[in-house]
Amino acid sequence: MALVTGLGAAEATKSVVVSALLIAALADNLTDSLSIHIFQESEQLENKEVFAGTVTNFVTRLLVCLSFILLVGLLPVSAVLAGVIAWGMSLLAALTFLVARERNIGASLEVIKHLLGAATVIIVSQAIGHWISATLS
């Protein structure tokens, strides 16, 4: 999502946004999956566990990124930014809620903290995008 807001989504074409999302879905996802793989190996987990964790992480993140690409493709340009923010915040809230319940901690406070953190990232990304656009124009 930071890529979408950082680009200045109002000026970005759908193809530019989809390209940025595909880069995140593949390149960033591969490096993060490799990092998780190396960490799990350092924890001396069994090879099957390490491989399963790496593949599960990669596929899950890929599917999430593809869901954003689907939204970009389906929504009119004027609604893309609001749609991807709503979808991202919904996913974040749902996952935070599930993890908090699993850990037996207050889910509401955790959801609020994570949503505020995500909103901060979106606002800062938007500000950086506007600053870059104004500086390089």
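A residue counts as buried when its relative accessible area is under 20%. By that cut-off, buried residues make up 26% of the 137 residues in this protein chain. The model you are looking at is predicted, so here is a friendly tour of its helices, its core and a few individual residues.

**Overall architecture**

- The protein chain has five helices and zero strands, giving the pattern α-α-α-α-α when read along the sequence.
- Along its principal axes, the C-alpha trace spans about 50 × 35 × 30 Å.
- Of the contacts with a separation of 6 or more, 58% join residues that are 24 or more positions apart.

**Helix 4 against helix 5**

- Two packed helices are described by the angle between their axes and the distance between the axes.
- Here, helix 4 covers residues 77–102 and helix 5 covers residues 107–136; their axes come within 9 Å and cross at roughly 145°.
- The crossing of helix 4 and helix 5 is right-handed.
- On the helix 4 side, the contact involves I85, M89, L92, A93, T96, F97, A100 and R101.
- On the helix 5 side, the partners are A107, E110, V111, H114, L115, A118, A119 and I122.
- Sorted by character, the residues of this contact comprise twelve nonpolar, two polar and two charged.

**A charged residue in that contact**

- E110 sits in helix 5, and E110 is buried because its relative accessible area is 14%, which falls under the 20% cut-off.
- Setting aside residues up to four places away in sequence, E110 touches T96, A100 and I105.
- Two of these partners, T96 and A100, belong to the helix 4 side of the contact with helix 5.

**The largest nonpolar core**

- In soluble globular proteins, nonpolar side chains tend to be buried together.
- In this model, the largest nonpolar core has seven residues: V17, L21, F68, I69, V72, V80 and V84.
- Helix 2 (14–42), helix 3 (47–74) and helix 4 each supply at least two residues of this core.
- Helix 3 gives the most to the core, with three residues.
- For a look at one core member, take V72: leaving aside neighbours within four places in sequence, V72 is in contact with K14, V17, V18, L21, V80 and V84.

**Side chains that reach the backbone**

- S125 is placed in helix 5, and S125 counts as buried because its relative accessibility is 12%, under the 20% limit.
- The S125 side chain reaches the backbone oxygen of V121 at 2.8 Å.
- T60 lies in helix 3, and T60 counts as partly exposed because its 44% relative accessibility falls between the 20% and 50% limits.
- The T60 side chain reaches the backbone oxygen of T56 at 2.7 Å.

**Two C-alpha separations to check in your viewer**

- T60 and N29 are 31 residues apart along the chain, and their C-alpha atoms are separated by 9.8 Å.
- G88 and S78 are ten residues apart along the chain, and their C-alpha atoms are separated by 17 Å.
- G88 is placed in helix 4, and G88 counts as buried because its relative accessibility is 11%, again under the 20% limit.

Conventions. Residues are numbered from 1 along each chain as its sequence is written. This is a predicted model: local features need pLDDT of at least 70, side-chain atom pairs count only at pLDDT 80 or more; totals for chains, interfaces and linings use all residues. Side-chain values use heavy atoms; hydrogens and water are left out. Axes are lines fitted to C-alpha atoms, for helices over the stretch in contact, and angles run from 0 to 180 degrees between N-to-C directions. Helices (H or I, at least four residues) and strands (E, at least two) are DSSP runs, numbered from the N terminus. A crossing is left-handed if the near helix is turned anticlockwise from the far one by less than a right angle, and right-handed if clockwise. Contact means heavy atoms within 4.5 Å. Ala, Val, Leu, Ile, Met, Phe, Trp, Tyr, Cys and Pro count as nonpolar, Asp, Glu, Lys and Arg as charged, and the others, Gly among them, as polar. Buried means under 20% relative accessible area, exposed over 50%, partly exposed in between (1.4 Å probe, protein chains only). A polar contact is a pair of N or O atoms within 3.5 Å; within protein, one must be able to donate a hydrogen and the other to accept it, and residues adjacent in sequence count only if both atoms are side-chain atoms. A nonpolar core is a set of buried Ala, Val, Leu, Ile, Met, Phe, Trp, Tyr and Cys residues joined through side-chain atoms within 4.5 Å.
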